[in-house]
Amino acid sequence: MLIVTGKGGTGKTLLAAALARQASAMGKRVIVCEVGRSTPTASSLLGLLAPGLEPANVPQVLTETLSHVVLRGEDGVREFLRKTLPFKFMADRALKLDAVRKFIDAAPAFAEMGVLFRGMQLLEEQRRDGAPVYELMVLDAPASGHTLAFAALPETILKVFTMGPIATAARAGIELIRNPRATTVVAATLLESLPVSEARELCAALRLRGLDVGAIIANQVPNDPFTAEERTALDALLPVEVLGRRGLVRIEKAADALARLRDLGAPLVSIGAHAASGPSLLAAIERDLSGVAA
Amino acid sequence: MSPSDSEAPADDARGTPLRRLVREKRVLVLCGPGGVGKTTMAAALGLAGAQLGRRVLVLTIDPARRLADALGIPLASPGPRPVPADKLQALGLAAEGGRQGSLDAWMLDPKVVFEQVIRVLGTPEQTTKILGTKLFAHLSELASGMLEYTAGEALFKFASEGRYDLIVLDTPPARNALDFLDAPARLSAFLEDSILKVFVPKEGAGFLASAGRLVGHVFSRVFGEGFIADLGVFFQAFSGLFGGMREHSDGVAKLLGSDESAFLLVTSPEEASLREATLFQADLLRRNFPFAGFILNRSLAKLASWPHPGDFTSSDAVAMSALRKLTSIANEERREAAEHALLLEELRALAGEAGFASAAPLLLDSSEPLAGLGVLARELS
């Protein structure tokens, strides 16, 4: 499982799409997932990969080696109840009850546990020859704060439910996400100071939770066209308030920011600042990523 | 740099609309989507209030180390802490007209607030029972709306105490601006109603309808008996506290609906956050909360009046080549500046007669939070 996370606006959805496409192009059977609460009406992730297709909570085959699914908490909860209760109809009836619905609504931990459970269930699916249906799951995770809560969730659940079926599922969840051979996190960030600080905090917190940080992706890294002499000349010539100043400050800060990201000790990948959008931006990012996905 | 609001019709001699809010209101609520800089803006407005001589509390829900460091307060504390005088000075905030304001800040801890609520509302026996359950220990992680609910409770507490002239509340990022007002209702949905009936044994038979039996069966099968017992203790002790909780939340709703409060919507120029901000506004207006205006953060609108590298010339070939290279970057910024200026106009139109839209000052170098906050505070006020 590859969890792609980052603060809002860091381009993690694009990166998830690009990474999924690359892995699939390398011949891996990939399922790319996004987390949704109810049936979404539009999906930017799916919009990038297969414009015009409606997102669904059951896997949709996009190409021979690439599928897409919306992981919904309620589906996971249903599957969990079906597995736990003696009869399937009990799970379906229970979920129709007001009290149960309210409980799940009010306790998002259960819905999120449902997301994890649903993901685990898809990863366990086997083909007739016993090989897994999906060799790689790329998860376009919600914003970073949420990802942390998600990473901590099975542990929290275990503290409250020390035994029983919920505890068993939580333990399986911990085994999956804490196994660096099975799960790694890719953290996307921009180079502004706040996102970089947050990326650093996120990595530390993820590692504290026993998760592996596989790579850090610096997005929208500005291209520096200036020589040192040119910079000096500009500084001497121009006032502080001049068009282009923000770009100059950005370029200057980018080097520091990259250094702060580099010393996190995970491979650092730079993605350029592209003016494109939609599928052409995806293509540009894929070019930047090429070779790195391996 | 000219004040951003100079064109706003609501301006008068007493300053920009924001300055008036900071000077006059008792509660400022900052709403907006995640990642638009709400917390920084809350801190800056708090600083601005202190500079105007008021006793200010900034309540934030964002445990951002960077901001805590900038304000010189601990990341985790059991209550508000004063921002040290040397920090205020470092931020360049001298008291205006000799009046000495103060600034306290607190990174809200839901557990602390909730425990206080239980201690205030419950009997010692109820309190001991509730605090002793496993469910209480992890409620803030398990139940939705705890953060929002406790933000409301904290606001109620500090507003009733009268220690502060102004409370700036930074709300959790939410899809719905008023999630934190609905939180008590959602929390009580978790804590009472039909669920309660399942877990709290009552006298007399027959209260468990067949649905109740199925629910009971599902819950005990799924959760295990130990948890069910814990839940029973928790809910039983808790059921006596609802009246008090409801009183508090009614008090909060009343205060927030009054003209002592003002809601500010913070947004960035990104399409998604603008869309959300306009939805928030509609939501506020529909429910009769005092919407005051939009703050457009990270806007380049002000750059529109800055000179272009093409306006400069040099006899030095290196400088000329650098200027040429800078041109494309400058053109892009000019394009964005024009776009953001239009946006600001649109927000002003949307804000209507009574509201305003301001562009927050642009921090060229956001890596210096200390200096940045000071600049923001000065320009906002």
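Here is a short conversation about a predicted model, its helix packing, one ring pair and its confidence.

Visitor: Happy to start with the whole model; what pTM does it score?
Guide: Two scores describe this predicted model. The ipTM is 0.71, and the pTM is 0.78.

Visitor: Are α10(A) and α11(A) parallel, antiparallel, perpendicular or oblique to each other?
Guide: Let's take the geometry step by step. The axes of α10 (residues 228-237) and α11 (residues 245-262) of chain A come within 13 Å and cross at roughly 140 degrees. Antiparallel would need an angle over 145 degrees, and perpendicular runs from 65 to 115. The crossing angle therefore makes α10(A) and α11(A) oblique.

Visitor: Which residues of α11(A) does α10(A) meet, and how many of the contact residues are charged?
Guide: From α10(A) come Arg231(A), Leu234(A) and Asp235(A), and they meet Arg245(A), Leu248(A), Ile251(A) and Glu252(A) in α11(A). Sorted by character, the residues of this contact include three nonpolar and no polar ones, and the number charged is four.

Visitor: What is the hand of that crossing of α10(A) and α11(A)?
Guide: Good thing to check in the viewer! The crossing of α10(A) and α11(A) is left-handed.

Visitor: How far apart are the axes where α11(A) packs with α15(B)?
Guide: The partner here is helix α15 of chain B, residues 317-351. On the α11(A) side the contact uses Arg245(A), Arg246(A), Gly247(A), Leu248(A) and Ile251(A), while α15(B) offers Leu326(B), Ile329(B), Glu333(B) and Glu336(B). These residues divide into four nonpolar, one polar and four charged. The helices pack at about 115 degrees, and their axes are 8 Å apart.

Visitor: Why does the pair Phe80(A) and Phe117(A) count as it does, stacked or edge-to-face?
Guide: Over all chains there are eight aromatic pairs. For Phe80(A) and Phe117(A), the ring centres are 5.4 Å apart and the planes stand at 90 degrees. Planes over 60 degrees apart meet the cut-off, so this pair is edge-to-face.

Visitor: How many residues apart are Phe80(A) and Phe117(A)?
Guide: Phe80(A) sits in helix α3 (residues 73-84) and Phe117(A) in helix α6 (residues 108-124), both of chain A. The pair links distant parts of the chain, with a separation of 37 residues.

Visitor: Where in chain B is confidence lowest?
Guide: Chain B averages a pLDDT of 79, with 75% of the residues scoring at least 70. Residues 1-13 of chain B stay under 50, although the model has 23 contacts for them beyond four places in sequence. Where pLDDT is low, the predicted coordinates should not be read in detail. Among the elements, strand β5(B) is highest at 94, and the lowest, at a mean of 52, is helix α10(B).

Definitions and conventions
Residues numbered from 1 in each chain as written. Chains lettered and ligands numbered in written order. Predicted model: local features only at pLDDT ≥ 70, side-chain atom pairs only at ≥ 80, totals over all residues. Heavy atoms only, no water. Axes fitted to C-alpha atoms, helices over the stretch in contact; angles between N-to-C directions. Helix = DSSP H or I, 4+ residues; strand = E, 2+ residues; numbered from the N terminus. Parallel < 35°, antiparallel > 145°, perpendicular 65-115°, else oblique. Left-handed = near helix turned anticlockwise from the far one by under 90°. Contact = heavy atoms within 4.5 Å. Nonpolar A, V, L, I, M, F, W, Y, C, P; charged D, E, K, R; others polar. pLDDT = per-residue confidence, 0-100. Phe/Tyr/Trp six-rings, centres within 6.5 Å; stacked < 30°, edge-to-face > 60°.
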